[in-house]
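Student: Hi! I have a structure open and would like to talk through it. Could we start with the cysteines?
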Amino acid sequence: MEKKRDERNYSKLDFGLRSDEVSPQFREVFISSGYRKPYSSAMDCVKSAFQPLNETVNVWTHFVPFLLFLVRFASLIWKYGVFDTYVYPVLSNTLGICGFLLMSSGAHLFNSMSPRTRHICFFFDYSAISVYSVGAGQAFYFYGRSPDHDSFFSSSSRFLTVSCLVSFLSTSMCCASRHRWSKMKYVVRTSCFVVAFFCNSAPYTHRLFSEPSHQHISDQELLALSYFKRHCWFYLIAALANTSKMPERLVPGVFDIIGHSHHFLHVFTALGAADQLTAIEIQMESRRSELEKFPIATFGNSLGLMVVICIINCGIVLWFGKLLRSDKEEEQKAI
């Protein structure tokens, strides 16, 4: 009855509401207009993707890249088949990218259905990013690591265990941040994913710094490095946009529909993911003869591990979802 009463309260409101027309639970800082009707139906949410609202660009800037990465995934399957275990880590990486792009697009599309639904949508969004980070870690490890047997990265089990633990911690911290650390929530979430980035790219950066600088570097290595550097810059810009809330912080209301910080976050994470995958593919092909002398990927430590990580992260989401209060109680508490 509580939810039905709220639906009637909002039933006369049109799309494109001002921030003072929606409860604090549905607002975003420095965004003054373009809000959807709270307690929208799923069909209303889908229709809103074709209207000039403050979530519209967020939906499309990750849904369109999702479709493009699906094509890249299909091309990898077409080129290498499904029985070559050497390519499993890059398949994990590509699936991880597709997963976080689709989940992000869906979260921004359906988050106006109710306060509880809003939380759960973004819980799944955070978990998808954490799953992607493990896939990226696999790719960096199996294609970018140094052949040095004496380093921390000589053991795939050791490295992947750390990667998985960081994934679980990131999901947990980001989910918790929706009810805690309200003044620092964007810093907390961004920091979690920055830590995951440094952790999972460490095998490659370790090789860059540990190998002699005078060692001959092939053209393919230089090309992969250039893509990796650009990938880092794109992710840095995305992180700064998300934590600074620029440019809407300077002129609230001007960038509500297009051009606010979360749009930049989406665009640059998609571009960064594309460059990261390209760098990985170059490494995978150019170093195959060298890397196949050492233990290589199996289904268990690549695609199979991704399934396990996905299940555990979903379990974390369900746990935090269980802790949520009723829609009315959640609506009354701004995040």
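Tutor: Sure! A disulfide here is a pair of cysteine sulfur atoms within 2.5 Å. This is a predicted model, where local features need pLDDT of at least 70, side-chain atom pairs count only at pLDDT 80 or more, and totals for chains, interfaces and linings use all residues. Residues are numbered from 1 along each chain as its sequence is written, and side-chain values use heavy atoms, with hydrogens and water left out.

Student: How many disulfides does a search of the whole structure find?
Tutor: The search finds 0.

Student: Why is there no bond from the sulfur of cysteine 314 to the closest cysteine sulfur?
Tutor: That closest sulfur belongs to cysteine 310 and is 4.3 Å away, too far for a bond.

Student: And which cysteine sulfur is closest to the one in cysteine 192?
Tutor: The one in cysteine 174, but at 4.2 Å that is too far for a bond as well.

Student: Is cysteine 192 buried or exposed?
Tutor: Buried, with 11% relative accessibility. Buried means under 20% relative accessible area, exposed means over 50%, and partly exposed is in between, using a 1.4 Å probe and protein chains only. Cysteine 314 is partly exposed at 26%.

Student: Switching to helix α6: how many residues does it have?
Tutor: Helix α6 has 21 residues, 156–176, and reaches 30 Å from first C-alpha to last, close to the 30 Å expected at 1.5 Å a residue. The expected span is 1.5 Å times one less than the number of residues. Helices are DSSP runs of H or I with at least four residues, numbered from the N terminus.

Student: Which residues of α6 are buried?
Tutor: Among them are Phe159, Leu160, Cys174 and Cys175. Their cover includes α5, α7 and α11 (contact means heavy atoms within 4.5 Å).

Student: Anything odd in the backbone?
Tutor: A cis peptide bond joins methionine 246 and proline 247, with omega about 10°. Proline 247 is in the loop between α8 and α9.

Student: What about lysine 245, where is that found?
Tutor: Lysine 245 is in the loop between α8 and α9 too. Lysine 245 has a positive phi of about 60° although it is not a glycine, and its relative accessible area of 6% makes it buried.

Student: Why would you point those out?
Tutor: Because most residues other than glycine have a negative phi, and most peptide bonds are trans.

Student: Any other positive phi?
Tutor: Phenylalanine 30 has phi near 65°. Phenylalanine 30 sits in the loop between α1 and α2 and is partly exposed at 29%.

Note on methods: Helices (H or I, at least four residues) and strands (E, at least two) are DSSP runs, numbered from the N terminus.
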